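Please read these notes with the structure open beside you. Take the points in order and find each part as you go.

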Amino acid sequence: MKKLISMVVAAALAVTSVFALAGCSSANGGNGGGSKASFKVGAIYINSQNDTSGYTYAHHKGVTEGMKKVGLDPAKDLFIVDNVPEDDEKVKQAIDQLAGNGCNIIFGISFGYINAFEEKAKEYPDIIFSHATGYLSNDKNFNNYFGRIYQARYLAGIAAGYKSLALGNNNIGYVSAWGTEYAETCSGINAFAMGCMAVNPDAKVSVYEISTWGDQQLERQAAETLIDTYGCCVIAQHCDSSQPQIVANEKGVFGCGYNSDMTTEAPAAHLTAPIWNWDVYYATAMKAAMEDPANFMTKVGIYYEGLNAGLVDISPLSSNCEPETKEAVELAKNLMKNGEWDVFSGVKLSFSGSAGSVAVEKTNAALVTNDGAEIVAAGGPSVEDGVITGSMNYYVEGVTQVN
Amino acid sequence: MLDVFTLFLFNIIVYNIPLLYGTTGEIMIEKSGSLNLGVEGTMAIGAVVGYLAGAKTDSLFVACVVSFIASGLVGLLFSFLTVTLQANQNVTGLTITTFGVAFYYFIGNALSNSASGWPKLSGTRLDVQSQAFEIPLLSKIPFFGKALFSHGILVYLGVIIAILMWLYFKKTVPGLKLRAIGENPGAADSLGVNVALYKYTHIIIGSGIMGLGGLYMGLNMGGTFEGSNCWINGYGWISIALVIFANWSPAKALLGTLVFGFFNTLRVQNAALAYTFPDTLGWLTKIPSHFFSALPFIITLIVLITSSLSSKNKSGEPQAIGRNYYREDR
């Protein structure tokens with residue numbers, strides 16, 4: 001009898017915790033009924049849809065807000081499978097489940113979903129497959145999407161550059177999940193450093209690589225090391241939590257967060273953060289898929305937009321920013337929005353003048369790596385998009401990785 | 001800027017004290033003959049409940065008491081399942097880990113999504129109470145002073161608990177009875193020791209101690225609730241390995257914490273050392289950081305192997321560990 005009760009209690013406990021972990025995947029679903037008239041959206045997340053910050057949170061917010069923009073009801077028309085690891089079989093199961101729910105378009109947000117998406121796009125030709133951060137696509141119903149976040153990082157670099165000028169300290173720190181292994185982190189570091197140097201030509205960016213996307217304790221310690229040992233006065237970051245900003249706040253230096261306005265976490269330290277507005281893409285994709293699914297690949301296709309579309313931006317400049325920052329950021333933003341200039345080209349921007357009369361100057365200068373190799377000749381055009389998203393594996397001048 | 005070695009020593013303590021709490025808590029439980037693999041989950045519950053209670057009342061004392069009670073209740077659940085209902089200890093422990101971490105996210109997500117949001121630590125009295133303070137005179141000792149004597153109150157409490165527990169096991173009658181239960185519950189029972197009562201009490205107290213370690217992580221190593229990032233972050237599992245390293249002795253747990261902490265800190269601070277002493281320590285940055293993360297476990301393996309090779313059984317492992325005690329089987 002005792003054994004029986006114990007088994008029941010243990011089973012109940014196990015079931016409860018499994019449900020809590022799975023975050024009740026079907027909470028937003030219910031039985032759709034499968035009527036042809038309604039448009040249904042499917043989404044596959046790497047973490048929980050109940051997250052309150054981080055990567056999945058940003059995408060979930062984008063999907064729900066995008067749906068509202070195009071007149072869909074996330075409570076009724078959105079089907080989610082979350083906590084799906086980057087495992088082909090698990091992703092395929094999730095896709096089958098969403099296809100069974102009658103979804104017309106399926107979004108997958110994590111890089112490792114790529115092969116399962118390619119395969120299933122063939123199996124379900126009537127469903128549109130859309131995969132973030134990947135590089136595969138077909139000409140009918142499978143695209144990939146990402147954004148020029150490096151443009152926003154350049155703008156954050158400008159804010160950091162002004163801070164370092166004002167403090168008379170050229171050391172700027174950067175806590176990064178990865179270094180040159182991933183083009184995504186590498187291009188972000190480079191763009192940030194170039195933004196710093198456009199304001200303060202003597203700025204040096206020290207990168208601390210923590211070798212994981214998120215680990216609060218490591219992020220904390222990395223930021224402490226950059227401040228205590230390397231004397232950095234601004235801490236930027238490309239990692240999940242806001243710990244680097246909190247440490248900057250504790251130690252009386254400044255910082256640029258990522259993904260959300262971290263001024264709430266670090267009121268005395270935070271300058272501005274590069275942010276994503278994923279709803280811009282999700283609304284575009286859903287609209288195209290609703291109106292003319294057959295021509296999705298010609299209308300939307302491979303999506304790689306930046307400041308121009310509003311897909312990326314920086315959070316509002318906090319009061320910790322130097323007075324010149326606002327004007328300089330606007331100047332650079334307009335150049336990139338209008339397509340007159342881009343970060344990884346043979347033309348460098350430099351800012352001069354005090355608040356009220358900040359001027360930007362373009363000079364031809366080669367894009368050179370930190371070991372002296374020339375990537376783009378002086379005056380040359382920007383590197384290919386494929387380099388920025390896929391193959392950039394060098395730091396530009398002024399960047400050093402400390403570990 | 002702090003001297004790099006002082007900072008190194010300082011960080012060993014600041015970032016690894018939760019290991020001491022987890023390890024001493026687990027040692028207390030294992031000495032009673034129960035193997036509780038739920039350290040991670042117990043710490044997570046102690047952390048989130050204690051933090052929220054502390055934030056609500058703005059008092060570190062309340063935070064500690066509530067954290068201890070909350071994780072103690074988890075211990076009560078474990079005892080009820082394994083001692084009274086005789087459920088398998090491994091399975092129950094793993095279930096508690098899954099349950100505890102999920103509970104942490106459940107409460108955290110719900111609160112972060114609510115209108116008032118996750119309670120912030122910075123600027124509160126709780127923050128001031130839990131942050132480091134300098135012990136007069138001692139903290140002025142060159143080199144060691146800052147590293148050893150300017151910490152938050154929970155750091156010293158952890159050390160005091162470890163020392164008291166060592167004395168309890170070695171010098172007191174209840175400690176002796178507890179060890180007897182861990183070695184041979186049948187023999188202890190025949191001598192009139194109330195096995196179930198002892199197990200219950202010590203599992204609850206041990207779990208409570210773990211919870212304090214979780215609370216420390218919330219107060220001194222985290223403070224913000226981040227969606228996909230748990231405060232405990234594997235420290236509970238490392239604690240279980242550390243119990244073996246410490247050979248079930250709370251005193252050695254202190255040493256083990258320092259050793260594990262040394263490599264944990266080296267993993268992060270290798271760059272700082274190499275930067276300060278490029279000629280002598282420059283090679284440190286050439287070693288992948290994951291090697292440093294693996295080192296403590298390699299050492300644990302070596303400790304396990306050497307202790308089982310020795311002809312005399314010097315191991316502090318309780319003989320009856322992991323086996324439930326059926327009185328009828330005696």
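How many residues of chain A are in contact with chain B, and how many of chain B with chain A? Start there.

1. The interface. This is a predicted model. In it, 43 residues of chain A are in contact with 44 residues of chain B. On the chain A side, helix 1 (2–22), helix 2 (55–69), helix 8 and helix 9 (243–250) each supply at least two residues. Helix 1 of chain A gives the most, with twelve residues. By type, the chain A side divides into 14 nonpolar, 21 polar and eight charged residues.

2. The largest core. Now look inside. The largest nonpolar core has 127 residues. Those touching the most other members are I44(A), I105(A), A156(A), I158(A), F192(A), V234(A) and I235(A). Where does this core lie with respect to domain 1 and domain 2 of chain A? It lies between them, because domain 1 (24–147 + 277–305) and domain 2 (149–273 + 316–401) both give residues to it. Another core, of 76 residues, lies apart from it. Its members include I17(B), F103(B), Y105(B) and M217(B). As background, nonpolar side chains tend to be buried together in soluble globular proteins.

3. The sheet. Chain A has an open sheet of six strands. The order is 2-1-3-4-5-11, and the pairing is parallel. Strand 2 (78–81) and strand 11 (303–305) of chain A are the edges, so look for pairing on one side only. From one strand to the next, the twist averages 20 degrees.

4. One pair of strands. Zoom in on strand 4 (residues 128–132) and strand 5 (residues 142–147) of chain A. They pair in the parallel sense over four bridges. One residue to find is S130(A), whose bridge partner in strand 5 of chain A is N143(A).

5. A helix across the sheet. Helix 10 (residues 278–291) of chain A lies across strand 1 (41–44), strand 3 (105–108), strand 4, strand 5 and strand 11 of chain A. The helix runs at about 155 degrees to strand 3 of chain A.

6. Two neighbours in sequence. C233(A) sits in the loop between helix 8 (216–228) and strand 8 (234–238) of chain A. Is C233(A) buried or exposed? It counts as buried, because it has 21 C-beta neighbours inside 10 Å. S164(A) is 69 residues away along the chain, yet the two C-alpha atoms are separated by 6.6 Å. Beyond four places in sequence, the contacts of C233(A) include S164(A), I172(A) and F254(A). With the same sequence neighbours left aside, V234(A) is in contact with residues including S164(A), I172(A) and F254(A).

How values were computed: Residues numbered from 1 in each chain as written. Chains lettered and ligands numbered in written order. Predicted model: local features only at pLDDT ≥ 70, side-chain atom pairs only at ≥ 80, totals over all residues. Core = buried A, V, L, I, M, F, W, Y, C linked by C-beta atoms within 7 Å. Buried ≥ 20, exposed ≤ 12 C-beta atoms within 10 Å, placed from the backbone. Domains from an automatic or database assignment. Contact = placed C-beta atoms within 7 Å. Pairing = 2+ DSSP bridges. Axes fitted to C-alpha atoms, helices over the stretch in contact; angles between N-to-C directions. Nonpolar A, V, L, I, M, F, W, Y, C, P; charged D, E, K, R; others polar.
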